Amino acid sequence: MDKNRSIVSAAIVVLLPLLPALIDVGYKLYSPIMEDVILHILMTTVIFGVPAAFIIYYGYTTGDEITSTLSGVFLVPLYSLYSDILLELLDPHFIISGAGYWLRITTFIDLAIPAVICGAMGYFASRRTRKSLLVSVFLGMVFILMFSLID
């Protein structure tokens, strides 16, 4: 793998979760004003559907198993970290609280299931067969439904 492709792969893995984090932070800033179940489901679909679709598209078109799997595995943990940091920075009473939340075992357990689902979604998309693409799309729908039914 050449240097430019490595940089692009690392950028996809690290920066892709920033998109849903920015959308989520914007939604959370206005959510006290707009309490609506349909809007919540729509925003959850956008927040998690766009990156899931990108992972499936990237994996299927390039066949890059490593990048598409890693971008799926790190999507939810990095999204959660980015959105927590952005929300804390917008708080006027911001105090750096440390990494205590991220080092708890319950946090790892909570993030493991979506990470495995998204990682499998990226892996199956990169296999580039019709059956694996269907499995990947199904996993993407399960992923989106899981988050829209949680709240």
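Are Phe143 and Phe147 buried or exposed? Both are buried: Phe143 is, and so is Phe147. The notes below work outward from the overall fold to that pair and its surroundings; the model is a predicted one.

1. Overall fold. The protein chain contains seven helices and zero strands. In sequence order the pattern reads α-α-α-α-α-α-α. Of the 151 residues in the chain, 37% are buried. Among contacts with a separation of 6 or more, 76% join residues that lie 24 or more positions apart.

2. Helix α3, length. Helix α3 covers residues 37-62, which is 26 residues. At 1.5 Å a residue it should span 38 Å, and its end C-alpha atoms are 37 Å apart, so the two values agree.

3. Helix α3, bend and end. The agreement in length does not exclude a local feature: α3 bends by about 30° at Gly49. A proline, Pro51, follows Gly49 within four residues. Just after the helix, Gly63 has a positive phi of about 75°.

4. Met43. This residue is in helix α3. Its relative accessible area is 17%, and it is therefore buried, the limit being under 20%. Leaving aside neighbours within four places in sequence, Met43 is in contact with Ile23 and Tyr27. Pro20 is 23 residues from Met43 in sequence, with the two C-alpha atoms 9.8 Å apart.

5. Nonpolar core. The largest nonpolar core has 21 residues, and Phe48, Leu75, Met121 and Phe143 have the most contacts inside it. Helices α3, α5 (75-90), α6 (105-126) and α7 each supply at least two residues of this core. As a general matter, nonpolar side chains tend to be buried together in soluble globular proteins.

6. Leu75. What does Leu75 touch, leaving aside its neighbours within four places in sequence? The contacts are Leu16, Pro17, Pro20, Pro51, Ile55, Cys118 and Phe143. Pro51 in this list is the proline that follows the α3 bend at Gly49, and Phe143 is one of the core residues with the most contacts.

7. Ser136. The position of Ser136 is in helix α7 (residues 130-150). With a relative accessible area of 0%, Ser136 is buried. Not counting residues up to four places away in sequence, Ser136 touches Ile56, Met121, Phe124 and Ala125. Met121 is also among the residues with the most contacts inside the largest core.

8. Aromatic pairs, α3. The count of aromatic pairs comes to six. In one of them, Phe54 and Tyr58, the ring centres are 6.3 Å apart and the planes meet at 20°, so the pair is stacked. Phe54 and Tyr58 are four residues apart in helix α3, which means a separation of about one helical turn. Their accessibility is not alike: Phe54 is partly exposed at 34%, whereas Tyr58 is buried at 13%.

9. Aromatic pairs, α7. Phe143 and Phe147 form an edge-to-face pair, with 5.3 Å centre to centre and 75° between the planes. They are four residues apart in helix α7, and are therefore separated by about one helical turn. Phe48, Tyr79, Phe143 and Phe147 form one aromatic cluster. Phe48 and Phe143 are also listed among the core residues with the most contacts.

10. Salt bridge. How many salt bridges are counted? The count comes to one. Arg5 pairs with Asp64, the closest N and O atoms being 3.7 Å apart. The pair links distant parts of the chain, with Arg5 in helix α1 (residues 3-15) and Asp64 in the loop between α3 and α4 (65-73), 59 residues apart. Arg5 is partly exposed at 39% relative accessibility, while Asp64 is buried at 6%.

11. Asp110. This residue is found in helix α6. At 54% relative accessibility it counts as exposed, because the limit for that class is over 50%. Asp110 and Pro77 are 33 residues apart along the chain, and their C-alpha atoms are separated by 9.5 Å.

How values were computed: Residues are numbered from 1 along each chain as its sequence is written. This is a predicted model: local features need pLDDT of at least 70, side-chain atom pairs count only at pLDDT 80 or more; totals for chains, interfaces and linings use all residues. Side-chain values use heavy atoms; hydrogens and water are left out. The expected span of a helix is 1.5 Å times one less than its number of residues. The bend at a residue is the angle between axes fitted to the seven residues ending there and the seven starting there. Buried means under 20% relative accessible area, exposed over 50%, partly exposed in between (1.4 Å probe, protein chains only). Contact means heavy atoms within 4.5 Å. A salt bridge is a side-chain nitrogen of Lys or Arg within 4 Å of a carboxyl oxygen of Asp or Glu. A nonpolar core is a set of buried Ala, Val, Leu, Ile, Met, Phe, Trp, Tyr and Cys residues joined through side-chain atoms within 4.5 Å. Rings of Phe, Tyr and Trp (its six-membered ring) pair if their centres lie within 6.5 Å; planes under 30 degrees apart count as stacked, over 60 as edge-to-face and the rest as tilted.
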